[in-house]
Amino acid sequence: MYVVTSEQMRALDNHVIHRIGIPAAALMENAGKAIAEEVLKLCLSERGRRNGLPSSGTSGAAGTASAPAQASGQERGEALTEHSTAMGPPFAANDLALEMSRPSPVLDGDVRLPTALSAQEHWLILVGKGHNGGDGVVAARHLRDAGVRVTLLYAAEPSSLTGEAAVQRDAAAALGIPALVHGRAAVDYGAFTGIVDALLGTGASGAPRGAYAALIQAANDSGLPVVSADIPSGLDADTGARHEPCISAAVTVCLAFLKRGLVQYPGAESAGRVVVRSIGIPASLCREQGVRTHLLTPQVLRTELDADVTRYRTAEGHKGTYGHVLTVGGSRTMSGAGLLASRAALRAGCGLVTWALPASLVLPLSGAAPEIMLAPATDEESGGNWNEASAGRVLELAKTRDVLAVGPGLGRFDGDSRWLRRLWEAWEGPLVVDADALNMLSSSGDFSAWRPRSAATVLTPHPGEMSRLLGTPTAELQQDRIGAATGFAAEHGVTLVLKGARTVVASPDGQAYINTTGTSGMATGGTGDVLTGIIASLLAQGYAGPSAAALGVWLHGRAGEWAARHRGHPASVIAGDVIDML
Ligand SMILES: NC(=O)C1=CN([C@@H]2O[C@H](COP(=O)(O)OP(=O)(O)OC[C@H]3O[C@@H](n4cnc5c(N)ncnc54)[C@H](O)[C@@H]3O)[C@@H](O)[C@H]2O)[C@@H](O)CC1
Ligand SMILES: [K+]
């Protein structure tokens, strides 16, 4: 699934309207109809449940309920649904036979509410003066047609609407749809059952001003469920940053393609459940128009990245077939990090793992994980810590291994940046750089002076490490995670995994993948080491850098979700559980 910026969305709109010839009015009609359908589905699922009605199939084939409006933290990874989510129960063989013996039924395929339900509904449609507002007016028309009472509330004088939006304003007026204008009369929000937010879309700039700000505030204060058109008003569509105020939506009906701001926090939080609805713009145009950001789904893994867990698995394979990872990490007080990375690598499918560690740790750790081979990389005098002299020994060990994973539990030591530079430049195979090894990169001055690597190089910073790499404060960097990750990956020719909720994987050629798996339970020590092990393992099995990183991130998150489910609560997940669930 493509993820676009507002500028890319504008270019796509222009292209289909002016070059392909699809009328703008048709796009707006599709948009408004999709929004109305999602409102109806919300009514069906929410109120239907409250009224003891079955949550789907109330009238016609498409009457399908969706998940509850507010996804819990643990479920957030599942909150993005591509239309359509409708999957009825499979037919049993005799149902089919029965069905075939009857004359073909005539079905009302539109989403409708039973009269008893629609009579309870009265939706307030907040209308801005741009195209987003136009979408809202179309939605009002379709909702009314489905039996739902609606009232339009214009943020600005209706006469200020132009183009397609003005056409819709006039159509709504001609149909007698009641309309209010902000500031002219007081609005009793208590009289409504829900709000459509069609104030600001991808044309918004900066924090909402004037009437827009007042209406957003009032909508949030009303406690009513809000369905946002395209993006929650007040959200930065490109970064996911929230302006003040910003709509807190139960559902966001994203039009045509996902906007970046909906898949990054805090925007993802404000958007509630995100439903992407097509409005007639072919997805194939995205590639032509240079959209290079994707939501990381199993389908994208297969089609864009040729990554599937069975990709390199063969029936006659042996342990040598699936590669040998050399983990370089662990020190006196952080030996567990090296162990976690090594165990995760094995669980992710590579044939062999050797763990290089300070010599005096070998004896205490022997037997900690019998499947892992231990290799002393320092002399006994190093006191369980790493030193610069160990670089030669690591390179010696690497000669008979396929992938180097450097960093988990490494600690810092004198000359560590020089140590890392030696590995970076002399090791010709795939390399994963994590944790303290990333800090060594940051304190090296300018590592772009280091000899460029031709083999896959994957960096896995969390926001703090990324902030040091970029020399940018963490808060600032978090405001535009996709931009930060793609910029760094392209500039340095590496695959960059920017960790945190909705991890971003950026490839050296400018593609970016936004992960959706994971749970708050993974915010616990050691899960980063687990990810490093998984990615190294996938590299050892033959995946290219971006594919190994993206598949690794996806699997890591899904394993974390399973661990949370297994434990019964995300808070109880520890890193080892994630390995166990791989
Ligand atoms: N042909 C198209 O371009 C289509 C656009 N669509 C919809 O149109 C939206 C984009 O429409 P527009 O480009 O007209 O822009 P918007 O409707 O997002 O907003 C533009 C309007 O808001 C005002 N505004 C901007 N920032 C503001 C702020 N911070 N505070 C107060 N007012 C502000 C502007 O002066 C302008 O009047 C999309 O999000 C989508 O909902 C859909 O109708 C499908 C087709
Ligand atoms: K909106």
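In this predicted model, D197 sits in strand β6, which runs over residues 194–198. With 31 other C-beta atoms within 10 Å, where 20 or more are needed, D197 is classed as buried. Leaving aside residues up to four places away in sequence, the contacts of D197 are with L126, A219, V226, V227, S228, A229, P232, S233, I247 and A249.

D197 also carries a database label: the unreviewed UniProt entry annotates N132, D197 and S233 as "binding site". These residues span 102 positions in sequence, yet no two of their C-alpha atoms are more than 9.7 Å apart, so they gather at one spot. A contact between two of them is already in the list above, since S233 is among the residues that D197 touches.

N132, another of the annotated residues, belongs to helix α5, which covers residues 131–145. N132 counts as buried because 27 C-beta neighbours fall inside 10 Å. Again leaving out residues up to four places away in sequence, N132 touches A198, L199, L200, G201, G203, A229 and D230. A229 is thus found in the contacts of N132 and also in those of D197.

It is helpful to turn next to the ligand. Around ligand 1 there are 29 residues, of which G130, H131, N132, G201 and G203 come nearest. Two or more residues of this shell are supplied by each of α1 (6–20), α2 (24–50) and α5. Helix α5 gives the most, with 5 residues. By class, the shell around ligand 1 is made up of 13 nonpolar, 11 polar and 5 charged residues.

How values were computed. Residues are numbered from 1 along each chain as its sequence is written. Chains are lettered from A and ligands numbered from 1 in the order in which they are written. This is a predicted model: local features need pLDDT of at least 70, side-chain atom pairs count only at pLDDT 80 or more; totals for chains, interfaces and linings use all residues. UniProt positions are given in the numbering used here, feature names are shortened, and annotations may be inferred rather than shown by experiment. Helices (H or I, at least four residues) and strands (E, at least two) are DSSP runs, numbered from the N terminus. A residue is buried if 20 or more other C-beta atoms lie within 10 Å of its own, exposed if 12 or fewer, and partly exposed in between; C-beta atoms are placed from the backbone. Two residues are in contact if their C-beta atoms, placed from the backbone, lie within 7 Å. A residue is near a molecule or strand if its C-beta atom, placed from the backbone, lies within 6 Å of it. Ala, Val, Leu, Ile, Met, Phe, Trp, Tyr, Cys and Pro count as nonpolar, Asp, Glu, Lys and Arg as charged, and the others, Gly among them, as polar.
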